[in-house]
Amino acid sequence: MSLFEQIEKEYIQAYKAKDAVRLTVLRLLKTAVKNRLVDLRRPGGSLSDEEMLDVIIKEGKQRQDSIEQYRAANRADLADKEAAELKILQEYLPKALSPEELTAVIETTVAELQAAGPKDMGRVISAIMGSYKGRVDGKALSEAVKQRLAQ
């Protein structure tokens, strides 16, 4: 079952179970998918798992940004709501790399690309992001690569 079909199925289940938070998140996700289909000039079609992953990552980043802004504004109630939505979105993403796995991936990629210094940071990051899409946080990866190449 594709990710697109899985979300459709779970949307119906959430509707029947009256799970308001999950229903809201899946409804917003379905809307984002429809908007993406219109952007790609494929209305009424479906997205591949790769394209669905892009949409889910984008929605997750929006939730993460909202959480940070709400916390900065001392609005814990809204931050908690966004955090609950983010948790649901993360269920559809692949399992994130642990810090040890991330370090190993960075070491391997640096060796493969023969990266020598900070000027090669972009190449290393793009190679890792391409291979581990949805499993790596961009900010954490950037910091880790920066530290590794500064050595």
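What is the mean pLDDT of the protein chain, and what share of its residues reach 70 or more? The model is a predicted one, and its mean pLDDT comes to 88, with 100% of the residues at 70 or more. Confidence does shift from helix to helix: α4 comes out highest, at a mean of 93, while α7 sits lowest, at 84. As a rule of thumb, predicted coordinates should not be read in detail where pLDDT is low.

On to the overall build. The chain has seven helices and zero strands, so it is no surprise by definition that the pattern along the sequence reads α-α-α-α-α-α-α. Along the principal axes, the C-alpha trace spans about 55 × 40 × 25 Å. The domain assignment splits the chain in two, with domain 1 covering 3-91 and domain 2 covering 99-150. Measured out between C-alpha centres, that is a separation of 28 Å for domain 1 and domain 2.Next come the pockets. The largest pocket has a volume of about 710 Å³. A total of 27 residues line this pocket, and those closest to its centre are Ile57, Lys61, Val136, Asp137 and Gly138. Four helices give two or more residues each to the lining: α3 (49-72), α4 (76-90), α5 (99-113) and α7 (138-150). Of these, α3 puts in the largest share, with seven residues. Sorted by class, the lining of the largest pocket holds 13 nonpolar, eight charged and six polar residues. Where does the largest pocket lie relative to domain 1 and domain 2? It lies between them, because both domain 1 (3-91) and domain 2 (99-150) give residues to its lining.

The second largest pocket holds about 180 Å³ of space. Its lining is made up of Ala32, Asn35, Arg36, Asp39, Glu51, Asp54, Val55, Lys58 and Glu59. Two helices, α2 (20-39) and α3, each supply at least two of these residues. Once again α3 gives the largest share, this time five residues, just as α3 does in the largest pocket with seven. By class, the lining of the second largest pocket has six charged residues, two nonpolar ones and one polar one.

That leaves the aromatic rings. How many aromatic pairs does the structure hold? The count is zero. A ring does turn up in another kind of contact, though: Lys30 lies over the face of Tyr11, at 4.1 Å from the ring centre.

Note on methods
Residues are numbered from 1 along each chain as its sequence is written. This is a predicted model: local features need pLDDT of at least 70, side-chain atom pairs count only at pLDDT 80 or more; totals for chains, interfaces and linings use all residues. Side-chain values use heavy atoms; hydrogens and water are left out. On a 1 Å grid over the protein atoms alone, a cavity is a set of points where a 1.4 Å probe fits but cannot get out, and a pocket is an open set with protein on both sides within 12 Å along at least five of seven lines; lining residues have an atom within 4 Å of a point. Grid points are joined across faces, edges and corners, and a volume is the space filled by probe spheres set on the points. Ala, Val, Leu, Ile, Met, Phe, Trp, Tyr, Cys and Pro count as nonpolar, Asp, Glu, Lys and Arg as charged, and the others, Gly among them, as polar. Domain bounds come from an automatic or database domain assignment. Rings of Phe, Tyr and Trp (its six-membered ring) pair if their centres lie within 6.5 Å; planes under 30 degrees apart count as stacked, over 60 as edge-to-face and the rest as tilted. A charge sits over a ring if NZ of Lys or CZ of Arg is within 6 Å of the ring centre and within 35 degrees of the ring normal. pLDDT is the predictor's confidence in each residue, from 0 to 100.
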